[in-house]
Amino acid sequence: MAIELLEKVENFFLNILKKIGLGFLAKIYEDHREGMRYIVFGALATLVNIVFSSLFYYFVFKTLPEKSRSDLSNAVGIGLAMAFAYVTNKLFVFDSKTEGIKALLKEMASFIGCRLITAVVEILMMRVTVVYWELNYVLMKIVTNIVVMILNFIFSKIFIFKKGANKDEEKNS
């Protein structure tokens with residue numbers, strides 16, 4: 001049901017693009033729908049990450065030493081973005097269908113495992129750029145999240161939300 005609602009919203013905006021003479025953009029979106037959805041929901045997950053980590057950095061953990069403040073704020077933002085990204089990637093981007101709890105848990109474990117790898121990349125990049133190089137927190141959070149989004153797409157496409165893999169693995173178990 002969620003995917004049908006998303007498709008209606010997409011078609012509404014694609015029709016608007018066509019009516020205002022930007023049909024070529026609608027065609028690009030239609031030809032690369034999965035990647036475009038990943039960009040849209042990845043941007044939203046990035047926004048969740050940036051907003052919550054910044055709130056925690058500037059308000060909640062403001063009295064902590066810089067290293068702890070940066071690391072803890074990043075952990076909060078990453079955790080919330082990870083939860084948001086799993087749900088939206090499963091439902092809207094990759095339209096993943098898992099049959100049975102075993103397949104679902106395997107998919108979730110793969111997702112969390114890959115995201116933990118990119119979380120370490122993000123935390124290390126933020127520590128170097130913000131703590132050691134003293135660059136702007138929000139700007140570096142944006143730059144870092146672009147790198148992380150690319151890595152996450154590759155991991156999601158190759159290792160996590162493989163079309164048909166979960167059903168086949170569940171049947172063979």
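## A tour of the helices, hollows and cores

Start with the largest pocket, which holds about 170 Å³ of space. A pocket here is worked out on a 1 Å grid over the protein atoms alone: an open set of points with protein on both sides within 12 Å along at least five of seven lines, and its lining residues have an atom within 4 Å of a point. Grid points are joined across faces, edges and corners, and a volume is the space filled by probe spheres set on the points.

A quick word on what you have open: this is a predicted model, where local features need pLDDT of at least 70, side-chain atom pairs count only at pLDDT 80 or more, and totals for chains, interfaces and linings use all residues. Residues are numbered from 1 along each chain as its sequence is written, and side-chain values use heavy atoms, with hydrogens and water left out.

**Stop 1: the pocket wall**

Select Leu-6, Val-9, Glu-10, Phe-13, Leu-14, Leu-17, Leu-25, Tyr-29, Met-36, Arg-37, Val-40 and Phe-41, and you have the lining of the largest pocket. Helix 1, helix 2 (23-31) and helix 3 are the elements that give two or more residues to that lining, and helix 1 gives the most, with six. By class, the lining counts ten nonpolar, no polar and two charged residues. For those classes, Ala, Val, Leu, Ile, Met, Phe, Trp, Tyr, Cys and Pro count as nonpolar, Asp, Glu, Lys and Arg as charged, and the others, Gly among them, as polar.

**Stop 2: the whole protein**

Zoom out and switch to a cartoon view. The protein has seven helices and zero strands; these are DSSP runs (helices H or I, at least four residues; strands E, at least two), numbered from the N terminus. The C-alpha atoms fill a box of roughly 50 × 50 × 25 Å along the principal axes. Of the 173 residues, 36% are buried, where buried means under 20% relative accessible area, exposed over 50%, and partly exposed in between (1.4 Å probe, protein chains only). Among contacts (heavy atoms within 4.5 Å) with a separation of 6 or more, 69% are between residues 24 or more positions apart.

**Stop 3: the largest core**

Which two residues touch the most other members of the largest nonpolar core? Select Phe-111 and Phe-161: they do so in this core of 19 residues. The elements giving two or more residues to the core are helix 1 (2-19), helix 3 (33-60), helix 4, helix 5 and helix 6 (137-160). Helix 4 gives the most, with six residues. A nonpolar core is a set of buried Ala, Val, Leu, Ile, Met, Phe, Trp, Tyr and Cys residues joined through side-chain atoms within 4.5 Å. In soluble globular proteins, nonpolar side chains tend to be buried together.

Stay on Phe-111 and show what surrounds this residue. Leaving aside neighbours within four places in sequence, Phe-111 is in contact with Met-82, Ala-85, Tyr-86, Asn-89, Ser-156, Ile-160 and Phe-161. Apart from the largest core lies another, of five residues, among them Tyr-57, Val-130, Tyr-137 and Met-140.

Now pick Ser-70, in helix 4. Ser-70 is buried, with a relative accessible area of 0%. Not counting residues up to four places away in sequence, Ser-70 touches Tyr-57, Met-126, Val-131 and Tyr-137.

**Stop 4: the cavity**

The structure holds one cavity of 30 Å³ or more, a cavity being a set of grid points where a 1.4 Å probe fits but cannot get out. Its volume is about 210 Å³. Of the 20 lining residues, select the closest to the cavity centre: Ala-45, Ala-81, Arg-115, Val-148 and Asn-152. Helix 3, helix 4, helix 5 and helix 6 each supply at least two residues of the lining, which has ten nonpolar, eight polar and two charged residues.

From Ala-45, jump to Val-120, 75 residues apart in sequence and 17 Å apart in space, C-alpha to C-alpha. Val-120 lies in helix 5 and counts as partly exposed, at 48% relative accessibility.

**Stop 5: two loops**

Select Ser-96, in the loop between helix 4 (66-93) and helix 5 (101-132). Is Ser-96 buried or exposed? Ser-96 is buried, at 11% relative accessible area. The Ser-96 side chain makes a polar contact with the side chain of Glu-107 (2.4 Å). A polar contact is a pair of N or O atoms within 3.5 Å; within protein, one must be able to donate a hydrogen and the other to accept it, and residues adjacent in sequence count only if both atoms are side-chain atoms.

Finish at Glu-134, in the loop between helix 5 and helix 6. Glu-134 is exposed, at 67% relative accessible area, and has a positive phi of about 60° although it is not a glycine. Most residues other than glycine have a negative phi.
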